[in-house]
Amino acid sequence: MAKIFCIANQKGGVGKTTTTVNLAAGLAKLKQRVLLVDLDPQGNATMGSGVDKAKLKTTIYQVLLGMADVRSVRQVSTTGNYDVLPANRELAGAEVELVEMDDRENRLRLALADVRDDYDFILIDCPPALSMLTLNGLCCAHGVIIPMQCEYYALEGLSDLANTIKKVHLNLNPELEIVGLLRVMFDPRMTLSQQVSAQLEQHFGDKVFKTMIPRNVRLAEAPSYGMPGVVFDPSSKGAQAYIAFGAEMVERIKQLEK
Ligand code: ATP
Ligand code: MG
């Protein structure tokens, strides 16, 4: 049965989508069966997987509202070699509509129950907010991966996110835990990056992934070709880092299961 992970951080532009797409493709290269769930109305993970969000008749929106099932909505990322539960702007409406529904925070969990045997990993790309959509992600996940940039303000939002995760763990989903913090867009030449990185290791110890993702322009270029960076330019430093991160994830899960 699939292990389910949310890639979450309520800060915008910190590398959530880049991490989700490249981890999905990296795990696919390691022969893992992966479903990427796009839980963001921006639809960036959908587009970055080579699925055109404008051409979709059904998306995760219908799934959350109980009008379609995952099997009929999922698409194949031919570039990344994994499946995608796609999203587009329509999903923004779900935020309001879900509030009226029964069991509103468990809609995604119930929908994914259907396909959990089809995959080794389900990766959920969360929007930049601690919203009802993100809550749906957290309620069905085993763990949260938190990408963060090593800059001064990065630490500020972390306590809000950690508190939300703690509350969900206590009240809604006892399985949920932080799997790890992933340092992204890392620039080793910047003293501040190094300082923040060292602080993270001090505070969070083993919860900080060993792999660091460097700032690398090939990762930023790849989405415009509808490709994960690890496929677009496998030899680039960014791609290599995400492949190493995929291997670290597989290893870490083996440890958790022991
Ligand atoms: P949002 O909060 O809007 O969903 P996000 O957290 O998903 O944003 P991304 O979209 O992954 O963040 O990344 C933000 C921008 O930074 C994008 O233009 C992306 O291409 C770029 N980027 C992400 N990671 C890297 C990296 N390691 N090197 C260079 N550019 C990167
Ligand atoms: Mg994003």
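T59 lies in the loop that runs between α2 (44–48) and α3 (60–64). In this predicted model, T59 has a relative accessible area of 0% and is buried. Leaving out residues up to four places away in sequence, T59 touches V73, P86, A87, N88 and E90.

A second buried loop residue is C126, with a relative accessible area of 1%. The loop that holds C126 is the one between β5 (121–125) and α7 (132–140). Its contacts, not counting neighbours within four places in sequence, are C6, I7, A8, K16, L39, D40 and T134. C126 and R71 stand 55 residues apart in sequence, and their C-alpha atoms are 21 Å apart in space.

**Ligand 1**

Ligand 1 sits in the largest pocket. The elements that contribute two or more residues to the shell around ligand 1 are α1 (16–29), β8 (208–214) and α10 (217–221). Of these, α1 supplies the largest share of the shell, three residues. There are 18 residues around ligand 1, and those that come nearest are G13, K16, T17, T18 and N216. K16 is also among the residues in contact with C126, which lies in the loop between β5 and α7.

Oxygen atoms of ligand 1 lie at short listed distances from polar atoms of G13, T17 and D40. For G13, the polar atom belongs to the backbone, and its distance from an oxygen atom of ligand 1 is 2.9 Å. For T17, a polar side-chain atom lies 2.8 Å from an oxygen atom of the ligand. For D40, an N or O atom in the side chain is 3.5 Å from an oxygen atom of ligand 1. On its own, ligand 1 has 630 Å² of accessible area, and the protein covers 80% of this. D40, like K16, is in contact with C126.

**Helices α8 and α9**

Helix α8 spans residues 154–171 and includes H169. With a relative accessible area of 33%, H169 is partly exposed, because this value falls between the 20% limit for buried residues and the 50% limit for exposed ones. Beyond residues up to four places away in sequence, H169 touches P174 and L176. The link to L176 includes a polar pair: a polar atom of the H169 side chain lies 2.8 Å from the backbone oxygen of L176. The C-alpha atoms of H169 and E257 are 19 Å apart, with their positions 88 residues apart along the chain.

K167 is another residue of helix α8. K167 is exposed, at 56% relative accessibility. Its C-alpha atom is 23 Å from that of A111, a residue 56 places away in sequence.

S193 lies in helix α9, which covers residues 191–204. At 5% relative accessibility, S193 is buried. Apart from neighbours within four places in sequence, S193 is in contact with C150, F186 and D187. With D187 there is also a polar pair, in which a polar atom of the S193 side chain lies 3.4 Å from the backbone oxygen of D187.

**Positive phi angles**

Most residues other than glycine have a negative phi. N81 has a positive phi, near 70 degrees. N81 is found in the loop between β3 (75–77) and β4 (82–85), and with a relative accessible area of 59% it is exposed. M185 also has a positive phi, near 50 degrees. In contrast to the loop position of N81, M185 is placed in strand β7, residues 177–186. M185 is partly exposed, at 26% relative accessibility.

**Accessibility of the residues described**

The table lists the residues with their relative accessible areas.

| Residue | Relative accessible area | Class |
|---|---|---|
| T59 | T59: 0% | buried |
| C126 | C126: 1% | buried |
| S193 | S193: 5% | buried |
| M185 | M185: 26% | partly exposed |
| H169 | H169: 33% | partly exposed |
| K167 | K167: 56% | exposed |
| N81 | N81: 59% | exposed |

Terms used: Residues numbered from 1 in each chain as written. Chains lettered and ligands numbered in written order. Heavy atoms only, no water. Helix = DSSP H or I, 4+ residues; strand = E, 2+ residues; numbered from the N terminus. Buried < 20%, exposed > 50% of the residue type's maximum accessible area, 1.4 Å probe, protein only. Contact = heavy atoms within 4.5 Å. Polar contact = N/O pair within 3.5 Å; in protein donor to acceptor, adjacent residues only side chain to side chain. Near = heavy atom within 4 Å. Areas by Shrake-Rupley, 256 points an atom, 1.4 Å probe, with all protein chains shown as cover. 1 Å grid on protein atoms, 1.4 Å probe; cavity = no way out; pocket = protein on both sides within 12 Å on 5 of 7 lines; lining within 4 Å. Sits in = over half its atoms within 2 Å of the grid points.
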